[in-house]
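Here are some exercises to work through with the model open in your viewer. Try each one yourself before you read its solution.

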Amino acid sequence: MTDASTDVLIVGAGPTGLTLALDLARRGAAVRIVDRSPAHPRTSRAKGPNARSLEILADLGVADEVLAAGSAPLPMRVYRDHRPVAETDPWADATPTPAPAPAPVPTTRFDRPWLIAQWRLEEILRARLAGHGVHVELGREVVGLAEEAGGRHVDVTFAEGGAERARYVVGCDGAHSSVRKLLGIMFDGTTAEDQVMVTGDVELDHEDLGRDRWHQWFDEDGAVMLCPIPGTRTGWWFQAGPERDADGRPLAPTLDGFRRLFTRHTGLPGHHLTRAELLSTYRVNVRMVARYRVGRVLLAGDAAHVHAIAGGLGMNTGIQDAFNLGWKLGQVLAGQADAGLLDTYEEERLPVAAWTLDLTSDRLRATLEAIREPGGNLGSAMTPETAGLGIGYRWSSLAGTEAGTKATTAPSAPATSPHAGDRAPDAPCRDSATGERTHLYGTFAGPHTTVLGFGPASAAVLREVAAYGAGVRACRVYAAHEDHGTPQPGAVVDDQGHAAAAYGIGAGGSGLVVVRPDHHVGVVAPAGDPGSVREYLRRLHGAPGMVDAVR
């Protein structure tokens, strides 16, 4: 068998695998993505990305298409005994990056999650990936993994026969992950056999149920929830407590069963529900792995962790796993960082998985308690934490001066200026060359590290940063009162003071901030003491002027 021409083989072509493939492909990695399914699924499943995942999708260049294909989350109309008893909009008070200074932290352009069928999101990601010449290889099931004795690549065996070789393999193949099982990694946790829900995509022709609401019927003997699927005229997400047999065992979902549940809880004739497909029974599983990496094989998404559906964090946590891993694999493949950088993937994301399991279990308990009362609804599952904007890695060895924080620290938004490891706040500003409105995440977007320089004292360090080429971007952030003369390429003007406020830079102050490719702060340093910035960039990118090519 010849040496591997594939840098990374991704197993599983859901949102996690597609996000990782797209991030690697734009870095120039030789990436392949396979899936055992014979065709692309059309299931709507996850209801869409949260605010943090939207930031990631924007970085990958697909957020505008996702926003256009989906819709804002809908107000909830709650019923009891067939009658509406309450209306609520959990996102009514949400606002994007605020207008008045100083801006609170964390700032973001995305103030709410977004509704989009999972199959449509996957379609958008596949199309973007195809632009890099990478296509999902369907009908390919991995049945064997063996790391070569020299530790330079992994030999992968497929069910249809034959073996191939890759430098790295990433299992993004869901809760029943073949990759995880082949690695012998336990999936420890619990399954709540009594917490059961039936789900499916249905067609509904009843005009009295407006598509401007998420309808929720909660009764003493069960529930039905119907949410319109964006981009369809009559399609709805259907969720319900199951029918049960005489012994109390849940019955498998069927079209007729859905009709009976629909009639029982809504009081409307079941024949209005004209089609039901992609039927499944959901049980609450709370499970996770103890490790994300075995040599050159890694896990991401549901292959590494599953949890209660409350809060909608399943797909989102997987997307965020992939975005944490993608740039690290890219740096290692480019020869700019050693393989030890990959250890920080598990170091950072494993505590987040544990925290997510706890959060979603807590939100499920809160929701089940809320719906016992008339007017209680699924809004109880949503909290500021479920937006994902507060997740950070202050405990990480990549977190500069914050590396001493314990790994058990719960991810949380910084109260004032960001610390190393925190998600970098976004802020509105102006392009210094054109005067056009922009934002810091526009500068961060792309496969590079960013160094923000506030105040004139940062200029010398930013000139050094330019020696790194495309892998590191220097961004001078001018205060509104500063004379920026002939601006440096990529410079911005903080005309409303939001950027300085978000990063804790006082009036007339200066400072340096290194922002990792995944939008997390690596180093915060005084402009007059750039040593920590130089050291951090060398760790991630090697010496200035190194060849930026995947090997």
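The exercises below go from a helix pair to strands, a sheet and two loop residues.

This is a predicted model, in which local features need pLDDT of at least 70 and side-chain atom pairs count only at pLDDT 80 or more, while totals for chains, interfaces and linings use all residues. Residues are numbered from 1 along each chain as its sequence is written, and side-chain values use heavy atoms, with hydrogens and water left out.

**Exercise 1. Describe how helix 1 and helix 4 pack.**

Step 1: Find helix 1 at residues 15-26 and helix 4 at residues 118-130. Helices (H or I, at least four residues) and strands (E, at least two) are DSSP runs, numbered from the N terminus.

Step 2: Their axes are 10 Å apart and meet at an angle of about 20°. Axes are lines fitted to C-alpha atoms, for helices over the stretch in contact, and angles run from 0 to 180 degrees between N-to-C directions.

Step 3: Helix 1 and helix 4 are therefore roughly parallel (angles under 35 degrees count as such, over 145 as roughly antiparallel, 65 to 115 as roughly perpendicular and the rest as oblique).

Step 4: List the contact (heavy atoms within 4.5 Å). Helix 1 brings Pro15, Leu18, Thr19, Ala21, Leu22 and Ala25, and helix 4 brings Gln118, Glu122, Leu125, Arg126, Arg128 and Leu129.

**Exercise 2. Is Thr6 buried or exposed, and which residues does Thr6 touch?**

Step 1: Look in strand 1 (residues 6-11), where Thr6 lies.

Step 2: With a relative accessible area of 6%, Thr6 is buried (buried means under 20% relative accessible area, exposed over 50%, partly exposed in between, with a 1.4 Å probe and protein chains only).

Step 3: Leaving out residues up to four places away in sequence, Thr6 touches Ala30, Arg32, Arg165, Ala166 and Arg167.

**Exercise 3. Work out the surroundings of strand 12.**

Step 1: Six of the six residues of strand 12 (residues 235-240) are buried, so the strand is largely enclosed by the rest of the structure.

Step 2: In a regular strand the side chains alternate between the two faces of the sheet. Here Gly235, Trp237 and Gln239 are buried on one side, and Trp236, Phe238 and Ala240 are buried on the other.

Step 3: Now trace the partners (two strands pair if DSSP finds at least two bridges between them). Strand 9 (residues 188-204) pairs antiparallel with strand 12 over six bridges, and Thr199 faces Gln239. Strand 11 (residues 222-228) also pairs antiparallel with strand 12, over five bridges, and Pro228 stands opposite Trp236.

Step 4: Strand 11 and strand 12 form a hairpin with six residues between them, and Gly231 in the turn has a positive phi of about 80°.

**Exercise 4. Which strands stand at the edges of the open sheet of seven strands?**

Step 1: Write down the order, 18-17-21-20-19-22-23, with mixed pairing.

Step 2: Strand 18 (437-439) and strand 23 (521-525) are at the edges, each with a single partner strand, so one side of each has no neighbour in the sheet.

Step 3: From one strand to the next, the twist averages 30°.

**Exercise 5. Where are Asp81 and His519?**

Step 1: Most residues other than glycine have a negative phi.

Step 2: Asp81, with a positive phi of about 55°, is in the loop between strand 3 (76-80) and strand 4 (83-88).

Step 3: His519, with a positive phi of about 75°, is in the loop between strand 22 and strand 23. His519 is buried at 1% relative accessibility.
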